[in-house]
Amino acid sequence: MNIDNTQSQMRKGVLEFCILSIIRQGEVYPSDIVEKMKAANLNILEGTLYPLLTRLKNAEFLTYRWVESNSGPPRKYFSMTGKGLAFYEELEATWNELANAVNTLTAPIQAADTLTNVNQ
Amino acid sequence: MKKVININFQGRILPIEESAYDMLKQYVDSLRRFFANEEGRDEIINDIEGRIAELFDESLKKGKTCITDDEVNTVIASMGRPEDFDADENIVKAQLEGEAGGGSRDRIYERNTGGAKTLYRDENNKFLGGVCSGIGAYTGIDPVIIRVLFVLFFGVTFLAYLILWVAVPSTSSVVIGSQRKRLFRDADSKILGGVCSGLAQYFSVQIWVPRLLFLIPFFSLVFRWGNWGVGDFPHLLSFSFSPGSIVIYIIFWLVIPEAKSTADKLEMKGEKVDLNNIKSTIQGDLEGFKDRAQTFGNELKERAQVVGQNISDAGKRVGGESAGAAKRTGNGLVNVLGVLLKIFVYFIVGSIIFAIVVALFTGGVILTGLLPAYSFVLEDGLQKILAWGTLIFFIWVPVIAIVTWIIRRIAGKKSSSSIISLTFFAFWIVGIICFVNLLVALGSSFRYRNTPTEQVANLSNPGINKLEVKSNNFNRYYYNDWFNFEPFSTFDDDSVYVKNVRIRITKSTTDSFQVNMVRMSNGNSRADANQRASLIKYAVLQRDSTLYLDKGIAITSQDKFRNQQVIVTIAVPVGKRIKVGDKIGLFDNVHIDMGRGNNYWDWENSLDNEAFEWRRNVEYVMTTTGLERVLKQLNVDEDNSDRDILEELKRNKEDLKQEIERQQRELDEKKRELEKTGDTTYKFRQTTYRYKETAEKTVAAVKTKRATKSVPQNSLFINTMSMPLSRFVF
C-alpha cells in the first residue's frame with residue numbers, strides 16, 4: 001500500500017468538485033483555476049486540468065467561448081451550464097454528507113480506537 | 001554554443017534552441033500517446049500546446065532571446081508529465097507501452113523490439129528520394145536488393161516509388177505540433193491489406209477512388225477477354241496500371257506499415273497534404289540527386305578496388321556476422337512470405353467468386369434471351385410462373401446481391417445491414433424453390449415416351465439407281481438471329497423449328513428404295529405422348545432422284561416442345577447409291593445400320609456408326625457387306641462417267657497428296673492455336689468443318705484415313721434439356 005497513491009486517490013475524488021465550484025463563481029481561464037487552487041493549497045497540474053475540462057465540457061456541464069487576448073491567439077474561457085449547476089449541487093450535497101461523516105468518525109479519538117479494534 | 005531554430009507553434013513564431021526543441025517534441029509526443037485513447041484527444045492536446053505556447057511567449061516578452069532547455073523544463077514541470085497525471089503507475093505504463101517506440105522513432109535502423117515499426121525515407125543513405133533505403137531499413141533487407149527490384153520492375157514500380165516518395169516522411173522531416181501526415185495501411189476499413197483505405201486517408205479522397213484505380217486493370221482484362229469490342233479504352237490506363245496494379249499493391253502491402261496504435265491512426269489522418277508539400281519534398285531531393293549520382297559513380301570505382309582487396313578478410317568476418325544478418329533477413333522474408341501467401345489465398349477466393357458471378361451472369365443472359373422460347377416449352381399457368389421465379393430469384397437475385405456487395409465493399413460500407421442480406425437470401429430461397437418445382441414439373445411433362453411405330457413414306461419412283469437426299473427449305477423467310485439455341489433453330493411468331501431429325505441408312509431387303517419414318521415424342525402420359533407424336537408434321541418428298549426432307553419439325557406454341565423427333569430410315573438396295581447432300585437435323589452425321597436389320601433405337605451406342613466414317617456430299621454404294629464409298633467400287637463397276645473421274649484423279653494423285661499434307665499441317669497448326677486459346681469446342685468444330693469441306697472439294701473421292709476427329713455424338717434424347725454452353729452461338 002503506497003501512501004502517495006492513497007493521497008492522490010483522495011485528492012482526485014474531490015478534484016472535479018473543486019474545479020466546478022471555481023467555475024461556478026464566474027467565467028475563468030484554465031490557468032486561473034490552477035492559480036486559485038494553488039492559493040487554496042491544492043496543487044493541480046495543468047496537464048491534468050485540460051483533459052478534465054474537456055471531459056466536463058463534452059458532458060455538457062461546461063461551455064466555453066473564445067476571448068481575444070492582446071498577446072497571441074484568442075483564449076478559451078470556461079463557464080458553467082445549467083446542467084453543470086445541477087451536477088455541481090448534487091456533488092455539493094454528497095460532499096457535505098461525506099465531510100460530516102468523515103468529521104464525525106475522525107473527531108472523537110475513541111471512535112477511531114473502536115474502529116482500529118474492530119479492524120484487528 | 002547552441003543552434004536556434006524558429007518554429008511555428010500554435011500560431012506563434014518561437015525561436016527555440018534545437019535541444020530544447022527535441023525535448024519539447026518528445027514531451028508533446030508523450031502527451032499525444034498518453035491521451036491517444038481519450039475522447040477529444042485532439043482538443044486536449046491543442047489546449048495544452050496553446051498553453052505551452054502562451055507560457056513561452058510570456059518568457060520571451062520578459063526579455064529572453066529564445067526558448068532554452070530550462071524554459072522547456074519549467075513548462076513541463078508546471079504542466080506535468082504523463083507519469084504525474086495518474087499516480088497509478090500501472091495505468092500510465094500500460095497507456096504508454098501500447099505506443100512504445102516513440103523515442104527511437106526517427107532511428108529506423110534500430111529495430112525496436114515489439115513496438116510498432118515505422119517506415120521513413122532514409123535521409124542518410126538515400127540515392128534519389130531515400131525510398132529504397134528506407135524500405136531496406138524497415139524490412140531488414142539490404143537496400144541494394146530493394147533498389148535492384150525497383151529498377152527491374154521499372155515502369156510498374158515507378159508509380160509506387162512516386163507515391164512512397166511523396167507520402168512517406170523522411171527521417172529529417174520533423175514538424176512539431178500538428179504532425180505531418182503519414183502513409184499507413186488502414187486496417188479498420190480494409191478489404192485486403194488496407195492499402196487502398198490507407199491511400200484514401202492520406203490523399204483525403206473517398207475510399208472507393210483508390211480501389212477503383214486498382215481494379216481498373218481487372219476490368220480491362222474482362223473487357224479484352226475474347227475481344228468483346230470495347231476496344232482500346234483500358235489500354236491508355238494500362239500503361240501505368242495494368243497489370244502493375246497487383247505488383248504495386250503487393251509492394252505497398254509489404255512496405256507500408258499498418259496503423260496499429262492510436263498514435264499511428266492520428267498520424268495517418270494528420271494534416272492536409274497539399275501540392276506545395278509534395279513539390280517541396282521532391283524538388284529538394286532532386287537537387288541533391290545530381291551530386292549524389294556523380295559521387296556514386298566515383299565511389300563505385302574506388303569501392304570495386306577496395307572490395308577486391310578486402311574480399312579475403314571479409315570472408316572470415318562474414319562467418320560471424322552472417323548469423324545475425326540471416327536472422328534479420330529471415331524475419332523480413334517471413335513477413336514477405338506471409339503477405340504473398342495471403343495474396344495467393346485471396347486471389348484464389350477472388351477467382352472463385354468471379355467465376356460464380358460470371359457463370360450466373362451468363363446463365364441469366366442466356367435464359368433471359370431465351371424468353372421467346374418459353375412459350376414453346378412451358379405450359380401456361382404454374383410452369384410459366386415457376387420459370388419466371390427461377391429466372392428472377394434463382395439467377396438474377398444472386399448476381400445483383402454479389403454485385404451490390406462488391407460495390408458496397410469498394411465504397412467502404414463495411415457493415416452491410418442484415419436486413420438487406422436477409423432479404424436477398426429469402427429471395428434466393430424462393431428462387432431455389434421455384435427452380436426445383438420447375439424441374440419437377442418439366443420432368444413430369446417429359447416423363448413418358450410414345451410407342452414408336454414405323455410409317456412408310458410413299459416414294460414416287462423407288463426403283464432408281466441413285467438417291468440424293470436434300471433438305472426441304474422452310475417455306476418462310478427467317479432471320480438468322482444473334483442468338484441461336486439448338487434444337488430450337490428458328491423462331492417466328494407462332495412456331496419454332498426443332499431440328500430433331502435423324503437419318504438412318506439400312507440395307508433394303510427388296511430391290512427398290514424404301515423410306516420409313518418414325519415419329520416420337522414425350523408427354524406427361526403415354527396417351528399424351530402418342531397424341532403429340534401423331535401431331536408431328538414432317539414431309540418426305542421424292543422428285544426424280546432427289547429425296548427432299550424437312551430440315552426440322554415445326555412446333556407451334558400450342559403444341560409445346562416435348563422432345564419431338566423424327567427418324568427417317570432410308571433402306572438402300574444392294575448395288576444402288578445414296579448421297580446425303582444437305583445437313584438435315586441437328587448433327588452432321590447419319591446413322592448407318594447395317595446388316596442386322598434390327599430396329600434398335602438406342603443407336604447412340606451402336607458400334608456401326610463408330611467404325612464407319614460418314615461424309616456428307618459423298619456418294620456411297622450399298623454392297624452386301626454394307627455401305628462403301630463409290631471410289632473403291634469403281635474397279636468392279638464399269639461405269640463410264642466414273643471411269644473418267646478415276647483417270648483424272650490418278651493423274652492428279654500426286655498433287656492431291658501434297659495438298660492433303662499441306663492442309664494437314666494447317667489443321668495441326670489450328671489445333672495448337674485452339675489449345676492455346678482454351679476456347680470451347682465451338683471453334684474447333686468450325687475449323688474441322690472448314691477443313692473437311694475444302695479437303696472434300698479437292699480430293700473428291702480419294703479415300704484416305706485422316707486424323708480428323710469426327711464431331712462427338714451427343715445423345716439427343718438426354719441433351720435437349722441440358723444443352724452444353726458450346727452450342728450457343730453468339
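Where chain A meets chain B in this predicted model, the contact draws 21 residues from chain B and 16 residues from chain A. On the chain B side, three helices each put in at least two residues: H2, H3 and H4. H2(B) is the top contributor to that side, with 7 residues. As for chemistry, the chain B residues that touch chain A split into 10 charged, 6 nonpolar and 5 polar.

Here are the three chain B helices that help make up that side:

| Helix of chain B | Residues |
|---|---|
| H2 | 41–61 |
| H3 | 69–79 |
| H4 | 82–85 |

Now for another part of chain B, helix H9, which covers residues 195–203. Is this helix largely enclosed or largely open? Since 7 of its 9 residues are buried, H9(B) is largely enclosed by the rest of the structure. The buried ones are Val195(B), Cys196(B), Ser197(B), Gly198(B), Leu199(B), Gln201(B) and Tyr202(B). Step just past the end of H9(B) and you reach Ser204(B), which takes a positive phi of about 55°.

Further along the chain there's Thr423(B), sitting in helix H17 of chain B, which runs over residues 418–445. Thr423(B) has 13 C-beta neighbours inside 10 Å, so it counts as partly exposed; a residue needs 20 or more to be buried, and 12 or fewer to be exposed. How far is Thr423(B) from Ala401(B) in space? The C-alpha atoms of the two are 9.9 Å apart, with their positions 22 residues apart in sequence numbering.

Key:
Residues numbered from 1 in each chain as written. Chains lettered and ligands numbered in written order. Predicted model: local features only at pLDDT ≥ 70, side-chain atom pairs only at ≥ 80, totals over all residues. Contact = placed C-beta atoms within 7 Å. Helix = DSSP H or I, 4+ residues; strand = E, 2+ residues; numbered from the N terminus. Nonpolar A, V, L, I, M, F, W, Y, C, P; charged D, E, K, R; others polar.
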